[in-house]
Amino acid sequence: MTIKVYFAAGRERWPEWEAPLRAAFAACDLAVSMSPEPPRDPARVDYIIFAPGGDIEDFTPYTRCKAVLNLWAGVEKIVGNPTLTQPLCRMVDPALTEGMVEYVTGHALRYHLEMHRHLQGQDGVWRSSELPPLARERPVAMLGIGALGAACGRALAGLGFPVMGWSRTPREIDGLVCHSGEDGLKAVLRKAGIVVTLLPDTPQTRNLINAERLALLPEGAYLINPGRGPLIDDNALLAALDSGRVAGATLDAFRTEPLPPDHPYWHHPRATVTPHIAAATRPQTASRIVAENIRRGEADQPFLHRVDRDRGY
Ligand SMILES: NC(=O)c1ccc[n+]([C@@H]2O[C@H](COP(=O)([O-])OP(=O)(O)OC[C@H]3O[C@@H](n4cnc5c(N)ncnc54)[C@H](OP(=O)(O)O)[C@@H]3O)[C@@H](O)[C@H]2O)c1
(Lines give C-alpha, C1' and ligand atoms only; values in the text may rest on other atoms or scores of the structure.)
Protein backbone atom coordinates (compact mmCIF):
# COMPACT_ATOMS: atom_id res chain seq x y z
CA MET A 1 0.00 0.00 0.00
CA THR A 2 1.19 3.53 -0.75
CA ILE A 3 2.49 5.43 2.27
CA LYS A 4 1.10 8.95 2.51
CA VAL A 5 3.64 11.59 3.58
CA TYR A 6 2.82 15.24 4.16
CA PHE A 7 5.84 17.52 3.70
CA ALA A 8 4.87 20.17 6.27
CA ALA A 9 8.31 21.76 6.50
CA GLY A 10 7.47 24.95 4.61
CA ARG A 11 6.72 25.23 0.90
CA GLU A 12 9.88 27.24 0.26
CA ARG A 13 11.92 24.18 1.30
CA TRP A 14 10.08 21.77 -1.00
CA PRO A 15 12.19 22.36 -4.14
CA GLU A 16 15.45 21.42 -2.42
CA TRP A 17 13.99 18.48 -0.47
CA GLU A 18 11.68 16.80 -2.97
CA ALA A 19 14.25 14.98 -5.14
CA PRO A 20 16.54 13.79 -2.28
CA LEU A 21 13.53 12.54 -0.31
CA ARG A 22 12.10 10.66 -3.30
CA ALA A 23 15.53 9.13 -3.99
CA ALA A 24 15.87 8.07 -0.35
CA PHE A 25 12.38 6.49 -0.33
CA ALA A 26 13.23 4.58 -3.50
CA ALA A 27 16.50 3.36 -1.98
CA CYS A 28 14.50 1.97 0.97
CA ASP A 29 11.93 0.36 -1.37
CA LEU A 30 9.15 2.53 0.03
CA ALA A 31 6.14 3.34 -2.15
CA VAL A 32 5.38 6.87 -1.03
CA SER A 33 2.94 9.52 -2.13
CA MET A 34 4.29 12.85 -0.83
CA SER A 35 3.01 16.40 -1.15
CA PRO A 36 3.74 19.82 0.36
CA GLU A 37 0.02 20.73 0.12
CA PRO A 38 -2.12 20.45 3.27
CA PRO A 39 -4.05 17.19 2.80
CA ARG A 40 -7.80 17.24 2.15
CA ASP A 41 -8.15 14.38 4.62
CA PRO A 42 -5.51 14.66 7.40
CA ALA A 43 -6.71 11.36 8.86
CA ARG A 44 -5.11 9.57 5.89
CA VAL A 45 -1.59 10.91 6.45
CA ASP A 46 0.93 8.27 7.62
CA TYR A 47 3.97 10.49 8.34
CA ILE A 48 4.57 14.21 8.68
CA ILE A 49 7.91 15.76 7.75
CA PHE A 50 8.14 18.87 9.88
CA ALA A 51 10.21 22.02 10.31
CA PRO A 52 9.27 25.26 12.08
CA GLY A 53 7.52 27.69 9.76
CA GLY A 54 5.44 24.98 8.07
CA ASP A 55 1.65 24.84 7.89
CA ILE A 56 0.74 22.63 10.87
CA GLU A 57 -0.03 23.96 14.30
CA ASP A 58 -2.75 21.51 15.27
CA PHE A 59 -1.78 17.85 14.98
CA THR A 60 -5.15 16.58 16.29
CA PRO A 61 -6.68 15.72 12.88
CA TYR A 62 -3.69 13.53 11.92
CA THR A 63 -5.16 10.52 13.66
CA ARG A 64 -3.35 7.85 11.62
CA CYS A 65 0.06 9.55 11.60
CA LYS A 66 2.73 7.18 12.92
CA ALA A 67 5.47 9.79 13.42
CA VAL A 68 6.36 13.43 13.02
CA LEU A 69 9.86 13.63 11.56
CA ASN A 70 11.56 16.91 12.44
CA LEU A 71 14.18 18.09 9.96
CA TRP A 72 16.10 20.04 12.61
CA ALA A 73 18.18 18.71 15.52
CA GLY A 74 16.52 21.12 17.97
CA VAL A 75 12.86 20.49 18.79
CA GLU A 76 12.06 23.35 21.18
CA LYS A 77 9.53 24.87 18.74
CA ILE A 78 7.40 21.71 18.55
CA VAL A 79 8.05 19.58 21.63
CA GLY A 80 5.65 21.55 23.83
CA ASN A 81 2.77 21.54 21.32
CA PRO A 82 -0.11 20.06 23.35
CA THR A 83 -1.86 18.74 20.21
CA LEU A 84 1.14 16.58 19.32
CA THR A 85 0.47 13.04 20.56
CA GLN A 86 2.28 11.23 17.76
CA PRO A 87 5.92 10.09 18.23
CA LEU A 88 8.35 12.92 17.44
CA CYS A 89 11.80 12.23 15.97
CA ARG A 90 14.56 14.78 15.66
CA MET A 91 17.36 14.99 13.10
CA VAL A 92 20.73 13.41 13.70
CA ASP A 93 22.46 13.66 10.34
CA PRO A 94 26.10 12.72 9.72
CA ALA A 95 26.70 15.81 7.56
CA LEU A 96 25.16 18.06 10.23
CA THR A 97 27.51 16.52 12.78
CA GLU A 98 30.49 17.00 10.45
CA GLY A 99 29.55 20.66 10.01
CA MET A 100 29.31 21.18 13.76
CA VAL A 101 32.67 19.50 14.36
CA GLU A 102 34.29 21.82 11.83
CA TYR A 103 32.65 24.92 13.31
CA VAL A 104 33.57 24.08 16.89
CA THR A 105 37.14 22.95 16.21
CA GLY A 106 37.69 25.95 13.92
CA HIS A 107 36.60 28.48 16.51
CA ALA A 108 38.29 26.62 19.37
CA LEU A 109 41.60 26.64 17.48
CA ARG A 110 41.14 30.26 16.54
CA TYR A 111 40.85 31.17 20.23
CA HIS A 112 43.46 28.70 21.37
CA LEU A 113 46.05 30.07 18.92
CA GLU A 114 44.85 33.62 19.68
CA MET A 115 44.68 34.25 15.95
CA HIS A 116 42.93 37.58 16.55
CA ARG A 117 46.14 38.95 18.10
CA HIS A 118 48.09 38.20 14.94
CA LEU A 119 45.34 39.20 12.53
CA GLN A 120 44.78 42.52 14.25
CA GLY A 121 48.36 43.13 15.38
CA GLN A 122 50.34 43.42 12.16
CA ASP A 123 52.36 46.26 13.64
CA GLY A 124 55.87 45.48 12.46
CA VAL A 125 56.98 44.13 15.87
CA TRP A 126 58.66 40.69 15.74
CA ARG A 127 57.57 38.95 18.98
CA SER A 128 59.33 35.63 18.50
CA SER A 129 60.01 35.10 22.20
CA GLU A 130 56.34 34.41 22.98
CA LEU A 131 55.83 30.71 23.56
CA PRO A 132 53.02 29.36 21.38
CA PRO A 133 50.30 27.56 23.33
CA LEU A 134 49.72 23.82 23.31
CA ALA A 135 46.23 22.31 23.22
CA ARG A 136 47.05 19.99 26.09
CA GLU A 137 47.38 23.04 28.34
CA ARG A 138 43.90 24.40 27.56
CA PRO A 139 41.00 22.39 29.02
CA VAL A 140 37.71 22.50 27.13
CA ALA A 141 34.30 22.17 28.80
CA MET A 142 31.82 20.55 26.43
CA LEU A 143 28.39 21.29 27.91
CA GLY A 144 26.12 18.75 26.23
CA ILE A 145 27.70 15.52 25.00
CA GLY A 146 24.93 14.14 22.84
CA ALA A 147 25.18 13.49 19.10
CA LEU A 148 26.92 16.79 18.42
CA GLY A 149 28.78 17.53 21.66
CA ALA A 150 30.31 14.05 21.81
CA ALA A 151 31.57 14.30 18.21
CA CYS A 152 33.02 17.77 18.83
CA GLY A 153 34.55 16.62 22.13
CA ARG A 154 36.24 13.65 20.46
CA ALA A 155 37.60 15.86 17.67
CA LEU A 156 39.05 18.35 20.17
CA ALA A 157 40.48 15.54 22.31
CA GLY A 158 42.09 14.21 19.13
CA LEU A 159 43.86 17.55 18.75
CA GLY A 160 45.22 17.25 22.27
CA PHE A 161 42.78 19.37 24.28
CA PRO A 162 41.80 17.89 27.66
CA VAL A 163 38.03 17.70 27.15
CA MET A 164 35.59 17.62 30.05
CA GLY A 165 32.07 16.62 29.08
CA TRP A 166 28.94 17.57 31.00
CA SER A 167 25.49 16.06 30.59
CA ARG A 168 22.21 15.57 32.43
CA THR A 169 22.81 11.88 33.05
CA PRO A 170 26.22 10.30 33.74
CA ARG A 171 27.99 9.32 30.50
CA GLU A 172 31.19 7.59 29.50
CA ILE A 173 32.84 8.70 26.27
CA ASP A 174 36.29 7.54 25.20
CA GLY A 175 38.83 10.35 25.39
CA LEU A 176 36.61 12.64 27.52
CA VAL A 177 36.36 13.04 31.28
CA CYS A 178 32.61 13.17 31.85
CA HIS A 179 30.65 14.92 34.57
CA SER A 180 27.00 15.50 35.36
CA GLY A 181 24.88 17.38 37.88
CA GLU A 182 25.39 20.81 39.43
CA ASP A 183 28.68 19.87 41.13
CA GLY A 184 29.96 18.47 37.84
CA LEU A 185 29.10 21.72 36.10
CA LYS A 186 30.96 23.78 38.68
CA ALA A 187 33.98 21.47 38.41
CA VAL A 188 34.24 21.78 34.62
CA LEU A 189 33.63 25.54 34.55
CA ARG A 190 36.35 26.17 37.16
CA LYS A 191 38.94 24.57 34.87
CA ALA A 192 37.69 25.55 31.41
CA GLY A 193 39.84 27.59 29.05
CA ILE A 194 37.14 27.18 26.39
CA VAL A 195 33.45 26.45 27.04
CA VAL A 196 31.30 25.01 24.25
CA THR A 197 27.52 24.89 24.75
CA LEU A 198 25.77 22.17 22.74
CA LEU A 199 22.68 21.73 24.89
CA PRO A 200 19.04 21.76 23.82
CA ASP A 201 16.76 24.63 24.79
CA THR A 202 14.63 23.28 27.66
CA PRO A 203 13.27 24.87 30.85
CA GLN A 204 16.26 23.31 32.69
CA THR A 205 18.94 24.74 30.36
CA ARG A 206 17.60 28.28 29.94
CA ASN A 207 20.05 30.88 31.30
CA LEU A 208 22.43 28.11 32.28
CA ILE A 209 25.34 30.43 31.47
CA ASN A 210 24.53 33.17 33.98
CA ALA A 211 26.61 35.61 36.04
CA GLU A 212 27.21 33.12 38.83
CA ARG A 213 28.51 30.43 36.49
CA LEU A 214 30.54 32.85 34.38
CA ALA A 215 32.24 33.93 37.61
CA LEU A 216 33.52 30.36 38.06
CA LEU A 217 35.53 30.50 34.82
CA PRO A 218 39.26 31.18 34.88
CA GLU A 219 40.05 34.75 33.86
CA GLY A 220 40.27 35.04 30.06
CA ALA A 221 38.26 31.93 29.16
CA TYR A 222 36.48 31.71 25.81
CA LEU A 223 32.89 30.71 25.03
CA ILE A 224 31.49 29.13 21.86
CA ASN A 225 27.69 28.78 21.69
CA PRO A 226 26.38 26.91 18.67
CA GLY A 227 23.58 25.46 20.84
CA ARG A 228 20.65 27.80 21.44
CA GLY A 229 20.35 31.48 22.38
CA PRO A 230 18.38 31.02 25.60
CA LEU A 231 21.24 28.99 27.12
CA ILE A 232 22.98 32.32 27.72
CA ASP A 233 21.98 35.18 29.99
CA ASP A 234 23.01 37.84 27.48
CA ASN A 235 23.44 40.67 29.97
CA ALA A 236 25.67 38.51 32.15
CA LEU A 237 27.79 37.50 29.16
CA LEU A 238 28.11 41.09 27.95
CA ALA A 239 29.28 42.11 31.44
CA ALA A 240 31.82 39.25 31.46
CA LEU A 241 33.06 40.31 28.01
CA ASP A 242 33.33 43.93 29.19
CA SER A 243 35.40 42.92 32.20
CA GLY A 244 37.56 40.50 30.20
CA ARG A 245 36.70 37.50 32.38
CA VAL A 246 35.45 36.07 29.11
CA ALA A 247 38.09 37.03 26.56
CA GLY A 248 36.00 36.11 23.53
CA ALA A 249 32.61 34.65 22.67
CA THR A 250 31.50 33.17 19.37
CA LEU A 251 27.73 33.02 19.22
CA ASP A 252 25.72 31.29 16.52
CA ALA A 253 22.24 31.07 18.09
CA PHE A 254 20.22 33.85 19.70
CA ARG A 255 16.95 34.47 21.51
CA THR A 256 15.83 36.59 18.57
CA GLU A 257 16.91 35.55 15.09
CA PRO A 258 17.97 37.27 12.95
CA LEU A 259 19.92 39.07 15.69
CA PRO A 260 18.70 42.71 15.52
CA PRO A 261 21.27 45.05 13.91
CA ASP A 262 21.51 47.17 17.05
CA HIS A 263 22.19 44.25 19.39
CA PRO A 264 25.35 44.86 21.45
CA TYR A 265 26.84 41.52 20.37
CA TRP A 266 27.31 42.87 16.84
CA HIS A 267 29.46 45.70 18.10
CA HIS A 268 31.31 44.13 21.01
CA PRO A 269 35.04 43.82 20.22
CA ARG A 270 35.20 40.49 22.04
CA ALA A 271 32.11 38.94 20.44
CA THR A 272 31.81 37.15 17.10
CA VAL A 273 28.30 36.71 15.71
CA THR A 274 27.64 33.99 13.15
CA PRO A 275 24.13 33.78 11.62
CA HIS A 276 22.98 30.34 12.84
CA ILE A 277 25.22 28.56 10.35
CA ALA A 278 27.24 26.34 12.68
CA ALA A 279 25.72 23.21 11.16
CA ALA A 280 22.97 22.81 8.61
CA THR A 281 20.66 19.89 7.91
CA ARG A 282 21.57 18.83 4.36
CA PRO A 283 18.80 17.33 2.24
CA GLN A 284 21.01 14.65 0.62
CA THR A 285 22.06 13.01 3.87
CA ALA A 286 19.11 13.95 6.07
CA SER A 287 16.60 12.48 3.58
CA ARG A 288 18.14 9.08 4.22
CA ILE A 289 17.43 9.44 7.95
CA VAL A 290 13.81 10.40 7.21
CA ALA A 291 13.40 7.42 4.86
CA GLU A 292 15.02 5.04 7.34
CA ASN A 293 12.58 6.15 10.02
CA ILE A 294 9.61 5.58 7.69
CA ARG A 295 11.02 2.15 6.84
CA ARG A 296 11.24 1.42 10.56
CA GLY A 297 7.71 2.66 11.16
CA GLU A 298 6.40 0.36 8.43
CA ALA A 299 8.38 -2.60 9.83
CA ASP A 300 7.17 -1.95 13.41
CA GLN A 301 10.74 -1.24 14.52
CA PRO A 302 11.65 1.50 17.01
CA PHE A 303 12.22 4.94 15.47
CA LEU A 304 15.68 6.50 15.43
CA HIS A 305 16.28 9.68 17.47
CA ARG A 306 12.91 9.69 19.16
CA VAL A 307 12.35 12.72 21.37
CA ASP A 308 11.46 12.16 25.00
CA ARG A 309 8.58 14.61 25.42
CA ASP A 310 9.00 14.82 29.20
CA ARG A 311 12.72 15.63 28.96
CA GLY A 312 12.04 18.09 26.13
CA TYR A 313 14.81 16.86 23.80
N1 LIG B 1 23.60 26.21 15.53
C2 LIG B 1 23.32 25.19 14.75
O3 LIG B 1 23.50 25.26 13.54
C4 LIG B 1 22.77 23.93 15.37
C5 LIG B 1 22.62 22.80 14.56
C6 LIG B 1 22.15 21.64 15.15
C7 LIG B 1 21.87 21.59 16.51
N8 LIG B 1 22.04 22.71 17.27
C9 LIG B 1 21.74 22.66 18.72
O10 LIG B 1 22.56 21.66 19.33
C11 LIG B 1 21.78 21.02 20.34
C12 LIG B 1 22.38 19.68 20.68
O13 LIG B 1 22.16 18.76 19.62
P14 LIG B 1 22.45 17.20 19.80
O15 LIG B 1 22.02 16.54 18.56
O16 LIG B 1 23.83 16.97 20.27
O17 LIG B 1 21.43 16.86 21.00
P18 LIG B 1 21.38 15.57 21.91
O19 LIG B 1 22.00 14.40 21.21
O20 LIG B 1 19.97 15.44 22.37
O21 LIG B 1 22.32 15.91 23.15
C22 LIG B 1 21.96 16.85 24.12
C23 LIG B 1 22.98 16.83 25.24
O24 LIG B 1 22.61 17.84 26.18
C25 LIG B 1 22.51 17.24 27.48
N26 LIG B 1 21.50 17.90 28.30
C27 LIG B 1 20.21 18.14 28.02
N28 LIG B 1 19.60 18.76 29.05
C29 LIG B 1 20.55 18.91 30.00
C30 LIG B 1 20.55 19.47 31.30
N31 LIG B 1 19.44 19.98 31.85
N32 LIG B 1 21.70 19.46 32.01
C33 LIG B 1 22.83 18.92 31.47
N34 LIG B 1 22.89 18.37 30.25
C35 LIG B 1 21.77 18.37 29.51
C36 LIG B 1 22.13 15.81 27.21
O37 LIG B 1 22.38 15.04 28.37
P38 LIG B 1 22.15 13.45 28.36
O39 LIG B 1 23.32 12.92 27.56
O40 LIG B 1 22.22 13.07 29.78
O41 LIG B 1 20.83 13.19 27.71
C42 LIG B 1 23.01 15.50 26.00
O43 LIG B 1 24.32 15.20 26.41
C44 LIG B 1 20.39 20.95 19.70
O45 LIG B 1 19.38 20.80 20.68
C46 LIG B 1 20.29 22.28 19.01
O47 LIG B 1 19.74 23.21 19.91
C48 LIG B 1 22.48 23.86 16.72
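Q: Say a residue is near a molecule if one of its heavy atoms lies within 4 Å of it. On that basis, how many residues surround the ligand, and which are the closest?

A: Bear in mind that this is a predicted model. In it, 29 residues surround the ligand. The closest are R90, T169, R171, P226 and Y313.

Q: Which atom of the ligand does the side chain of T169 approach, and at what distance?

A: For polar contacts, look for a pair of N or O atoms within 3.5 Å. Here, a polar atom in the T169 side chain sits 2.5 Å from one of the ligand's oxygen atoms.

Q: And how far is a ligand nitrogen atom from the side chains of D252 and H276?

A: For D252, an N or O atom of the side chain is 2.8 Å from a nitrogen atom of the ligand. For H276, the distance from a side-chain N or O atom to a ligand nitrogen is 3.5 Å.

Q: Let's move on to helices. How do α1 and α9 pack?

A: Start with the angle and the distance between axes. Helix α1 covers residues 14-27 and helix α9 covers residues 283-298; they pack at about 45°, and their axes are 8 Å apart. That angle makes α1 oblique to α9. As for handedness, their crossing is right-handed.

Q: Which residues make that contact?

A: On the α1 side you'll find E16, W17, P20, L21, A24 and F25. From α9 come P283, Q284, A286, S287, R288, V290, A291 and I294. Sorted by class, the α1 contact with α9 has 10 nonpolar, 2 polar and 2 charged residues.

Q: What about α2 and α4: at what angle do they pack?

A: Read this pair in the same order. α2 packs against helix α4 (residues 147-158) at about 50°, with 9 Å between the axes. So α2 is oblique to α4, and the crossing of these two helices is right-handed. L96, T97, M100, V101, V104, T105 and A108 of α2 meet A147, L148, A151, C152, A155 and L156 of α4. This contact of α2 with α4 divides into 11 nonpolar, 2 polar and no charged residues.

Q: Now the backbone. Where is P258 found, and is the peptide bond leading to it from E257 cis or trans?

A: Check omega for the bond. The E257 to P258 peptide bond is cis, with omega near -5°. P258 belongs to the loop between β11 (246-251) and α8 (264-267).

Q: And is phi at E114 positive or negative?

A: It's positive: E114 has a phi of about 50° although it is not a glycine. You'll find E114 in the loop between α2 (94-112) and α3 (115-120).

Methods
Residues numbered from 1 in each chain as written. Predicted model: local features only at pLDDT ≥ 70, side-chain atom pairs only at ≥ 80, totals over all residues. Heavy atoms only, no water. Axes fitted to C-alpha atoms, helices over the stretch in contact; angles between N-to-C directions. Helix = DSSP H or I, 4+ residues; strand = E, 2+ residues; numbered from the N terminus. Parallel < 35°, antiparallel > 145°, perpendicular 65-115°, else oblique. Left-handed = near helix turned anticlockwise from the far one by under 90°. Contact = heavy atoms within 4.5 Å. Nonpolar A, V, L, I, M, F, W, Y, C, P; charged D, E, K, R; others polar. Polar contact = N/O pair within 3.5 Å; in protein donor to acceptor, adjacent residues only side chain to side chain.
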